Amino acid sequence: MWALIGLLLTIAGTFIEASTIAPPWDWDTQGISIFSLGVTYQIGAVLLIGCLGGKNAGILSQIAYLILGLLWLPVFSQGGGLTYLREPSIGYLFGFVPGAWVCGTLAFRKRLRLEYLALSCLAGLLVIHLVGISYLIVSHYFIGLPLLAQIVKYSWEPLLGHLVLVCEVTVLAFLLRTFLFY
């Protein structure tokens, strides 16, 4: 059940842009302003399912997501199909599997506490980025992609948005697990 929920959340999160609102002290002069974080909720969904469903649900949902995307279903941000293997971002998608596993493993290792969930999400995010950067390095040597520009584009620029997602996922997972008593 959690794996199916994770798959659906990851697919939906691919197409929903993460945003935040301006701090309340600006609301009197400008009203409520919405700012884009420059990322989608895709990674947030991966981390959330790891925190809620554990490592097995996280792995199964992300393997299913990759299979659906590589079998020509347009579930990736730029479509799908085997030609997507040439996209620089595919390494980060491959990183979803071990990232969800690490997040799910750490989230259930200790008693439910907010800081443990935050640590598990940060560890999962780190794994996703390490796998993605590793793929970029391999692509640099075999395909000739500009390495530094790709790392900046896919890891450095979205990092602040991803850290905000980690905070959101941590709080949401803590609240859901508290209310669901597990």
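Colleague: Is Phe 181 buried or exposed?

Modeller: Keep in mind that we're looking at a predicted model. Phe 181 sits in the segment after H8. A residue counts as exposed when its relative accessible area is over 50%. Phe 181 has 75%, so the word for Phe 181 is exposed.

Colleague: And what is the phi of Phe 181 near?

Modeller: Most residues other than glycine have a negative phi. Phe 181 isn't a glycine, yet its phi is positive, near 60°.

Colleague: Which residue in the loop between H3 and H4 has a positive phi although it is not a glycine?

Modeller: Look in the loop between H3 and H4, at a residue that is exposed, with a relative accessible area of 57%. Its phi is positive, about 75°, and the residue is Trp 72.

Colleague: How much accessible area does the nonpolar patch on the surface have together?

Modeller: The patch is made of Ile 63, Ile 67, Leu 71, Trp 72, Leu 82 and Leu 85. One of them, Leu 82, is in the loop between H3 and helix H4, and it is partly exposed at 47% relative accessible area. Together the six names listed have about 580 Å².

Colleague: Over to helix H1. How far apart are its end C-alpha atoms?

Modeller: H1 runs over residues 2-14, which makes 13 residues. At 1.5 Å a residue they should span 18 Å, and the model agrees: the end C-alpha atoms are 18 Å apart.

Colleague: Within what arc do the buried residues of H1 fall?

Modeller: The buried residues of H1 are Gly 6, Leu 7, Thr 10, Gly 13 and Thr 14. Seen down the helix axis they line one face, because they fall within an arc of 140°.

Colleague: Which exposed residues are on the face of H1 turned away from its buried side?

Modeller: The buried residues have cover that includes strand E2 (34-40) and helix H3 (42-70). The face turned away from that buried side carries exposed residues, namely Leu 4 and Leu 8.

Colleague: How far is Val 39 from Glu 157 in space, C-alpha to C-alpha?

Modeller: Val 39 is in strand E2, and it is buried, with a relative accessible area of 8%. Leaving aside neighbours within four places in sequence, Val 39 is in contact with Glu 17, Ala 18, Pro 158, Gly 161, His 162 and Leu 165. Val 39 and Glu 157 are 118 residues apart in sequence, but in space their C-alpha atoms are apart by 9.4 Å.

Colleague: How many residues of H5 are buried?

Modeller: H5 has twelve residues and reaches 16 Å from its first C-alpha to its last. Its buried residues include Phe 96, Val 97 and Cys 103, and their cover includes H3, H4, H6 and H8. The helix is mostly covered, with a buried count, out of twelve, of nine.

Colleague: What does H6 reach from its first C-alpha to its last?

Modeller: H6 has 29 residues, and the span expected at 1.5 Å a residue is 42 Å. Its buried residues pack against H3, H4, H5, H7 and H8. The reach in the model is close to the expected one, at 42 Å.

Colleague: Which residues does Ser 120 touch?

Modeller: Ser 120 is in helix H6, and at 0% relative accessibility it counts as buried. Not counting residues up to four places away in sequence, Ser 120 touches Cys 51, Cys 103, Leu 106 and Ala 107.

Colleague: How about Leu 122: which residues does Leu 122 touch?

Modeller: Leu 122 lies in H6 too, but it is partly exposed, with a relative accessible area of 39%. Leu 122 and Tyr 135 are 13 residues apart in sequence and 20 Å apart in space, C-alpha to C-alpha. Not counting residues up to four places away in sequence, Leu 122 touches Leu 163 and Val 166.

Colleague: Last one. How far apart are the closest N and O atoms of Arg 113 and Glu 115?

Modeller: The structure holds one salt bridge, and Arg 113 forms it with Glu 115. Arg 113 counts as partly exposed at 33% relative accessibility, and Glu 115 counts as partly exposed at 39%. The closest N and O atoms of the pair are apart by 2.2 Å.

Conventions
Residues numbered from 1 in each chain as written. Predicted model: local features only at pLDDT ≥ 70, side-chain atom pairs only at ≥ 80, totals over all residues. Heavy atoms only, no water. Helix = DSSP H or I, 4+ residues; strand = E, 2+ residues; numbered from the N terminus. Expected span 1.5 Å × (residues − 1). Buried < 20%, exposed > 50% of the residue type's maximum accessible area, 1.4 Å probe, protein only. Arc of directions from axis to C-beta. Contact = heavy atoms within 4.5 Å. Patch = residues over 30% accessible without salt bridge, like charges linked within 9 Å, V, L, I, M, F, W, Y side chains within 5 Å. Areas by Shrake-Rupley, 256 points an atom, 1.4 Å probe, with all protein chains shown as cover. Salt bridge = Lys/Arg side-chain N within 4 Å of Asp/Glu carboxyl O.
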